[in-house]
Amino acid sequence: MKTPKVALLGMILESNRFARPATEDDFRSLTWLEGDALLQEARAQTPTLAAEFAAFVRAMDATGPWHPVPCTLAASHPAGPVRREVFETITGAIQRQLAENGPFDAVYICNHGAMVAEHDHDPDGTLMALVREAVGATPLIVCTLDLHANISERMVAACDLIVGYRTNPHVDMIERGEEAAFSLRRCLASGQRPQATLEKPPIVPASVTLLTAEAPYGELINYGQQRQAELGGSILNVSVFGNFVFSDTPDNGLAVVVTARDDPAPAKDLASDIADRAWANRNGFVRHLTSVEQAVTIAENRKRAPVIFSDAGDNPGGGGSGRTTELLAALHASNAANILYGSFFDPELAAEAHRLGKGATFTARFNRSSGPEVWERWDLPFEAEARVVALHDGDIVGEGGMTKGRRLHLGPSVALELGAIRVVVISDRAQTSDPVFFHMFGLDIGSADCVVVKSRGHFRAGFAPWFAPDRVYEIDTAGLTSPVLERWPFENIPRPSFPLDPDTQWNDPRHG
């Protein structure tokens with residue numbers, strides 16, 4: 001067998017339709033790597049880029065000779081729709097690199113799958129179609145996607161194999177990158193052409209209902225893995241995508257992608273089976289949150305066990321600003337004590353604290369430069385007397401959960417003491433899903449009575465050593481990621497869809 005020549009590329013962005021547009025600076029501040037620099041970073045001991053991309057490269061390295069052709073990998077923190085010129089710059093570079101370095105035996109695409117562009121509801125599908133056009137019909141195209149991807153027919157048509165995460169909180173990125181590599185090796189060796197099937201029941205759930213340790217979503221994924229094992233090797237992959245509702249696209253909705261090794265019949269049957277189970281259990285995709293008032297009451301109760309709150313309406317991991325102060329203000333005005341709160345994205349406040357130095361006291365002014373844009377309407381100013389507890393340059397390595405082992409650059413960061421609350425302030429917007437956000441300052445999570453994180457769900461993996469599921473509360477705060485779907489002016493999501501439209505009927509010929 002000849003040494004396979006494999007192009008490596010991707011564009012990673014989870015788009016919240018209502019958030020600030022993603023600019024070139026957003027990508028360059030996280031990942032924008034090309035050529036040898038991309039391959040070198042993927043092989044680094046603690047890479048800064050997507051874990052599945054690095055895992056794919058390492059798995060290919062470990063399983064035999066290959067000829068990698070690193071093109072472009074660009075990634076941004078979750079934000080709004082990508083600017084058209086940015087999308088065209090990145091895809092133009094990829095097209096040029098493919099044209100200059102072909103022909104190829106295969107392509108690996110590392111995307112998120114829930115990207116929106118100013119001019120395109122489905123830029124992930126557009127990118128995949130451009131890649132297919134560039135390399136031709138013969139090369140295999142394998143792709144890894146986040147389980148919050150919004151799957152389109154065009155994505156499935158362009159790729160031979162789509163491998164989705166199976167965990168939420170996301171902790172299986174390495175395994176999925178390895179799976180993509182191993183499956184590619186298997187297909188190249190056998191000469192078999194995978195056959196994918198897509199099923200989409202009319203369910204558009206909020207992300208808070210998509211935890212994989214719970215029903216119904218976790219049960220769907222587990223059932224898919226069980227049936228794949230029982231089907232005697234005929235199925236190459238089963239991926240159940242929950243969607244990212246805030247993208248607000250015509251392709252939103254729960255999606256089942258089943259890929260057969262060659263004969264598509266068992267894949268079609270299994271995809272329909274999983275979709276039927278999702279529809280039968282659709283009422284499980286509804287979640288009830290804890291109000292801010294209830295949260296304050298819980299925090300003030302000194303007799304209960306320690307708890308952790310999710311500031312659910314302001315999750316930077318879903319496009320949230322990381323700057324809303326509603327819950328902070330309510331807790332600061334209460335009688336609650338011994339609280340850790342992280343992490344606020346406020347570079348100006350962090351810079352001021354660094355100028356003043358450790359031990360300094362001053363009036364901490366949050367959101368002093370909030371503007372008039374619609375996506376800033378919840379970033380309300382808040383002031384409190386504060387003491388600088390600790391300072392850090394923000395260069396850290398993740399300790400647990402989805403960022404374990406990954407290098408993070410948070411910029412100048414500070415821990416402030418606001419009375420009974422110790423608040424972490426960072427200079428690069430990121431969700432607090434990892435205990436290192438507190439540990440870098442020497443703050444002891446285990447001794448806190450209440451921990452509050454700006455994260456929707458990924459914190460559950462990172463903070464599991466301290467907080468069992470029954471001590472986790474999702475707080476109904478306002479912001480760009482509020483999971484109360486009735487509050488949002490969705491314009492593009494397919495309607496009717498459950499639970500937005502409770503009386504939705506599935507007009508599938510198999511359901512009458």
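**Exercise 1. A charge over a ring**

Over the ring of which residue does the charged end of R277 sit?

*Solution.* This is a predicted model, so work from its computed positions. Step 1: find R277 and follow its side chain to the charged end. That end sits over the ring of Y223. Step 2: read the distance. The charged end is 3.8 Å from the ring centre. Step 3: look for another case. The charged end of K5 sits over the ring of F104, 5.4 Å from its centre.

**Exercise 2. Classify a ring pair**

Decide how the rings of F438 and F463 are arranged, and where they lie.

*Solution.* Step 1: choose the descriptors. A pair of aromatic rings is described by the distance of the centres and the angle of the planes. Step 2: check the distance. Centres must lie within 6.5 Å to pair. Those of F438 and F463 are 6.2 Å apart. Step 3: check the angle. Planes over 60 degrees apart count as edge-to-face. Here the planes stand at 75°, so the pair of F438 and F463 is edge-to-face.

Step 4: place the residues. F438 is in helix α13 (residues 436-439), while F463 is in the loop between α14 (459-462) and β19 (472-475). They are 25 residues apart, so the pair links distant parts of the chain.

Step 5: test for burial. Buried means under 20% relative accessible area. F438 has 0% and is buried. F463 has 1% and is buried.

Step 6: widen the view. The count comes to 15 aromatic pairs. Ring pairs also link F18, F244, F246, W378, W488 and F490 into a cluster.

**Exercise 3. Read a sheet**

Which strands stand at the edges of the six-stranded sheet?

*Solution.* Step 1: write the order. The six strands run β2-β3-β1-β4-β5-β6 in an open sheet with mixed pairing. Step 2: take the ends of that order. β2 (31-34) and β6 (161-164) stand at the edges. Each has a single partner strand, so one side of each is left without a neighbour in the sheet. Step 3: note the turn. Neighbouring strands are turned by 15° against each other on average, direction ignored.

Step 4: zoom in on one pairing. Strands β1 (residues 5-12) and β3 (residues 67-75) run parallel and are joined by seven bridges. M11 stands opposite A74 in β3. Step 5: add the helices. Helix α7 (residues 173-190) packs on the sheet and touches β1, β4, β5 and β6. Its direction makes about 165° with that of β5. Helix α5 (residues 123-135) lies across β1, β4 (106-110) and β5 (140-145), at about 160° to β5.

**Exercise 4. Compare salt bridges**

Are D314 and K454 buried or exposed, and what about R287 and E214?

*Solution.* Step 1: confirm the bridges. The side chains of D314 and K454 meet at 2.7 Å, N to O. In the bridge of R287 and E214, the closest N and O atoms are 2.9 Å apart. Step 2: read the accessibility. D314 is at 0% and counts as buried. K454, also at 0%, is buried. R287 at 28% counts as partly exposed. E214 at 29% is partly exposed.

Step 3: check the separation. D314 and K454 are 140 residues apart and link distant parts of the chain. R287 and E214 lie in two loops, so their bridge ties together parts that are 73 residues apart in sequence. Step 4: finish with the total. The count comes to 25 salt bridges. R166, D172, R176 and E179 are linked in a network.

Definitions and conventions. Residues are numbered from 1 along each chain as its sequence is written. This is a predicted model: local features need pLDDT of at least 70, side-chain atom pairs count only at pLDDT 80 or more; totals for chains, interfaces and linings use all residues. Side-chain values use heavy atoms; hydrogens and water are left out. Rings of Phe, Tyr and Trp (its six-membered ring) pair if their centres lie within 6.5 Å; planes under 30 degrees apart count as stacked, over 60 as edge-to-face and the rest as tilted. Helices (H or I, at least four residues) and strands (E, at least two) are DSSP runs, numbered from the N terminus. Buried means under 20% relative accessible area, exposed over 50%, partly exposed in between (1.4 Å probe, protein chains only). A charge sits over a ring if NZ of Lys or CZ of Arg is within 6 Å of the ring centre and within 35 degrees of the ring normal. Two strands pair if DSSP finds at least two bridges between them. Axes are lines fitted to C-alpha atoms, for helices over the stretch in contact, and angles run from 0 to 180 degrees between N-to-C directions. Contact means heavy atoms within 4.5 Å. A salt bridge is a side-chain nitrogen of Lys or Arg within 4 Å of a carboxyl oxygen of Asp or Glu.
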